[in-house]
Amino acid sequence: MRKPASPHASRLWLRPSLVGVFGLFLFATACTLSTGEVVTVRFDNTAIGETVLPLNTGTGQAFTDVVLLTENGGTAITEAHVGGQGHRANYPDFDDTMTGPRAVVRVTNNSTTDHLNPGPRDFHYGADVVLDALSVGGAIDNGNNAFQRGLFDDSAQFKLEVEPRPRCRIKGDLGALQVTSSVSVQPGEPYRVRCFRAGESLTVSVRQINADGSTEPAVTNTVQGPLGPLTYILETPISIGGKLNASGNIAVNSSDQFNGSIDNAILVMDS
Ligand SMILES: [Ca+2]
Ligand SMILES: [Ca+2]
C-alpha cells in the first residue's frame, strides 16, 4: 500500500540515489581492475620444436598484449613439460657476450588502465622453472630472471630470479623486501616457484615438481617490513625469462637471460 505522506520527500530521496547508482555503474565499467590470474602463460599452443607463440589466457587476456622478443638470433623453443603440464618454453643457453642469443616474453597493458599493477592489494606471481647447468657467471648473462615488472631502481618492482636459489623482491612506496629461498634448485629439475605479498610481508615458496606433474610440499621463507602500495608507470612491461629496459626492449648489456625452461608464468591479484 502506498504511503499518503510526503511524495515530495520520496522523490528527493530517489533522485540522488539513482544518480549515485548510475555513477557507480559508470565508475565500475571504466575502472574495474582484473582480479584472479590476471596473467597466465602456459606455452601449450605450439608444437614441440617450434618457436613459442606466447598467449595470456588469464583474466587480463583482453587487456594485455603478449609478444616474444628476440635478439642476436636467440629464441624460445617449445618442449615437453612434466605430465599434465603440456609444453614449456626453452630459453637460450648461457652466453656472456654482448652478441649472445636472447629471448624474453613481454606482457604489456593495451589500454590506459593498468591491469598489471597490484597497487595496495595482496598478490602473488611466479613460474615453473628448470635451470640449465650453466646459467650464471658474468655481467652480461648474469642471473636468471624468471618473472618481473620494473627494474631495481624503478618506483615499483616485483621480481623472481633463480641463481640458483629462488629470490623474490618487491618494492613499494614505503620500502623494498627481498627474500631468498633456503632451497637451491638442481639443474635439469622442475620446480614451481611463487612469491606472495601478504600485507607487509613477502614469502618465497618452492615446490619440486614430479614427473607425473604432482608437487612436493612447499618450502617457504618469509621476510617482513614496510612495502606500501606499488606505483607503476602504465607502460612498464612484465618480462618472463629475462630483463627488459624502460622502452620495453631486451637489456642486451645486462639481460639476466633465464638459461633453462619456463612454464605456468602467472600473476594473481587478490580482490
Ligand atoms: Ca604448459
Ligand atoms: Ca643467465
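**Exercise 1. What percentage of the 271 residues in the protein chain do buried residues make up?**

Solution. The structure is a predicted model, in which local features need pLDDT of at least 70 and side-chain atom pairs count only at pLDDT 80 or more, while totals for chains, interfaces and linings use all residues. Residues are numbered from 1 along each chain as its sequence is written, and chains are lettered from A and ligands numbered from 1 in the order in which they are written.

Step 1. A residue is buried if 20 or more other C-beta atoms lie within 10 Å of its own, exposed if 12 or fewer, and partly exposed in between, with C-beta atoms placed from the backbone.

Step 2. Buried residues amount to 42% of the 271 residues.

**Exercise 2. Assess the confidence of the model.**

Step 1. The predictor's confidence in each residue is pLDDT, from 0 to 100. Its mean over the protein chain is 90, and 89% of the residues reach 70 or more.

Step 2. Over residues 1-30, pLDDT stays under 50, and the model has 0 contacts beyond four places in sequence for them. A contact requires the C-beta atoms of two residues, placed from the backbone, to lie within 7 Å.

Step 3. Among contacts in the protein chain with a separation of 6 or more, 67% are between residues 24 or more positions apart.

**Exercise 3. Describe the open sheet that contains β7 and β8.**

Step 1. The protein chain has 1 helix and 15 strands; helices (H or I, at least four residues) and strands (E, at least two) are DSSP runs, numbered from the N terminus.

Step 2. Two strands pair if DSSP finds at least two bridges between them. The open sheet has 7 strands in the order β2-β5-β14-β7-β8-β9-β10, with antiparallel pairing. At its edges are β2 (64-71) and β10 (176-180), each pairing on one side only.

Step 3. On average, neighbouring strands of this sheet are turned by 15 degrees against each other, direction ignored. Axes here are lines fitted to C-alpha atoms, for helices over the stretch in contact, and angles run from 0 to 180 degrees between N-to-C directions.

Step 4. Between β7 (residues 145-149) and β8 (residues 157-162) there are 4 bridges; Asn145 has Glu161 in β8 as its bridge partner.

**Exercise 4. Why is strand β6 (residues 123-131) largely enclosed by the rest of the structure?**

Step 1. Strand β6 is largely enclosed because 9 of its 9 residues are buried.

Step 2. Phe123, Tyr125, Ala127, Val129 and Leu131 point one way from β6, and His124, Gly126, Asp128 and Val130 point the other way.

Step 3. Antiparallel to β6 runs β11 (residues 190-197), joined to it by 8 bridges, with Val193 as the partner of Ala127. Strand β15 (residues 260-269) is also antiparallel to β6 and joined to it by 8 bridges; there Gly260 is the partner of Leu131.

**Exercise 5. Is Ile262 buried or exposed? Is Ser247 buried or exposed?**

Step 1. Ile262 lies in strand β15 and is buried, because 26 other C-beta atoms lie within 10 Å.

Step 2. Not counting residues up to four places away in sequence, Ile262 touches Arg88, Ala89, Tyr91, Ala127, Asp128, Val129, Ala146, Ile240 and Gly241. Ala146 is 116 residues away along the chain, with a C-alpha separation of 7.5 Å from Ile262.

Step 3. Ser247 sits in the loop between β14 (238-240) and β15. Ser247 is exposed, because it has 8 other C-beta atoms within 10 Å.
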